[in-house]
Amino acid sequence: MRETFLLAALLVTGGPVCYGQSDAAQREWDRAAKLDSSGKHTQVMKILDGLVENPAWAYRAHMMRAHQYFEHLERYQDAFSEIGLAMSLEPDSIDPYINRSSFYLESGMPDRALEDLDQALKHAREAQDSLTVFLNKGSALTMVRRFKEALFAYDHALAIDSMDWGTRSNKAAILDEMDRADEAKAIYLKLHEEKPDEIVILNNLGFQASGRNDHAEALRWFSEAQRLAPDDPVVLNNLGYAQLRTGALNDAQRNVERSIKLYPANSYAPSA
């Protein structure tokens with residue numbers, strides 16, 4: 001199973017507030033951020049309940065509430081409602097559109113993500129804004145298998161930042177899908193040189209080798225990935241497949257069974 005970085009953009013909660021915030025509100029915001037990093041999300045929400053009533057902080061508070069609801073509390077409809085409130089407060093801001101596009105992508109709704117990303121481009125004022133939009137757009141287009149358009153989006157992103165690591169990885173995956181394996185492998189090998197411990201790249205190099213029926217090479221890549229991530233179910237599944245194809249039947253069975261145990265929903269594992 002090939003892997004990509006489907007969500008290229010981190011959730012953002014707006015830039016620095018520069019209009020009349022009080023020291024007390026700033027301290028509350030800082031406390032919320034600290035609690036968030038500690039996983040104390042219920043306490044974070046209590047602080048944000050107060051900050052949304054402060055006009056100088058309401059926009060950021062709604063954005064952070066959306067993040068809490070979606071990523072930690074699994075209250076998805078509330079997350080979308082919070083994004084809508086943030087949009088009403090800052091209609092020209094790009095951040096709500098980017099965040100909501102990420103929510104849509106995680107929810108398997110790429111068409112809606114693309115609508116938000118088109119709106120985000122209209123509000124983009126800086127190169128970094130456009131880079132984030134094109135990254136998410138490439139992810140959304142990949143999900144609906146519009147590979148040529150996804151490649152176009154990633155090339156736009158690379159025109160802004162030619163060294164962005166996630167963009168190059170996703171571009172390689174798209175080239176693979178378009179049967180341009182040599183170009184994809186050249187990118188993967190360069191990325192591996194830069195980050196030799198990156199599991200996604202090791203996995204994709206192994207996947208590529210399997211596609212060429214070079215199962216000995218695939219076994220080398222998957223074995224290295226498994227050494228670095230011994231309990232990764234995707235790696236274990238792919239390693240088991242390579243072992244099966246190279247005749248190590250007992251090892252293959254053991255690793256596929258471990259993969260299923262760790263990730264029962266993996267529909268790929270039983271096929272190995």
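This passage describes the confidence, the nonpolar cores and one helix pair of a predicted model.

Confidence is a good place to begin. The average pLDDT over the chain is 88, and 89% of the residues reach a score of at least 70. Residues 5-21 are another matter: there pLDDT stays under 50, although the model gives this stretch 50 contacts beyond four places in sequence. Where pLDDT is low, the predicted coordinates should not be read in detail.

Turning to the interior, the largest nonpolar core holds 62 residues. Within this core, the residues that touch the most other members are L48, L51, F103 and Y188. Helix α3 (residues 58-73) supplies the largest share of the core, with seven residues. Another core, made up of five residues, lies apart from it; A209, F222, L239 and A242 are among them. For readers who wish to look at L48 itself, its contacts, leaving aside neighbours within four places in sequence, are W29, A61, M64, R65 and Q68.

A helix pair rounds off the picture. Helix α8 (residues 147-160) packs with helix α9 (residues 165-177) at an angle of about 155°, and the two axes are 10 Å apart. Angles over 145 degrees count as roughly antiparallel, and α8 and α9 are therefore roughly antiparallel to each other. Their crossing is left-handed. On the α8 side, the residues that take part in the contact are F147, A150, L151, Y154, D155, A157 and L158; they meet T167, R168, N170, K171, I174, L175 and E177 in α9.

Definitions and conventions. Residues are numbered from 1 along each chain as its sequence is written. This is a predicted model: local features need pLDDT of at least 70, side-chain atom pairs count only at pLDDT 80 or more; totals for chains, interfaces and linings use all residues. Side-chain values use heavy atoms; hydrogens and water are left out. pLDDT is the predictor's confidence in each residue, from 0 to 100. Contact means heavy atoms within 4.5 Å. A nonpolar core is a set of buried Ala, Val, Leu, Ile, Met, Phe, Trp, Tyr and Cys residues joined through side-chain atoms within 4.5 Å. Buried means under 20% relative accessible area, exposed over 50%, partly exposed in between (1.4 Å probe, protein chains only). Helices (H or I, at least four residues) and strands (E, at least two) are DSSP runs, numbered from the N terminus. Axes are lines fitted to C-alpha atoms, for helices over the stretch in contact, and angles run from 0 to 180 degrees between N-to-C directions. Angles under 35 degrees count as roughly parallel, over 145 as roughly antiparallel, 65 to 115 as roughly perpendicular and the rest as oblique. A crossing is left-handed if the near helix is turned anticlockwise from the far one by less than a right angle, and right-handed if clockwise.
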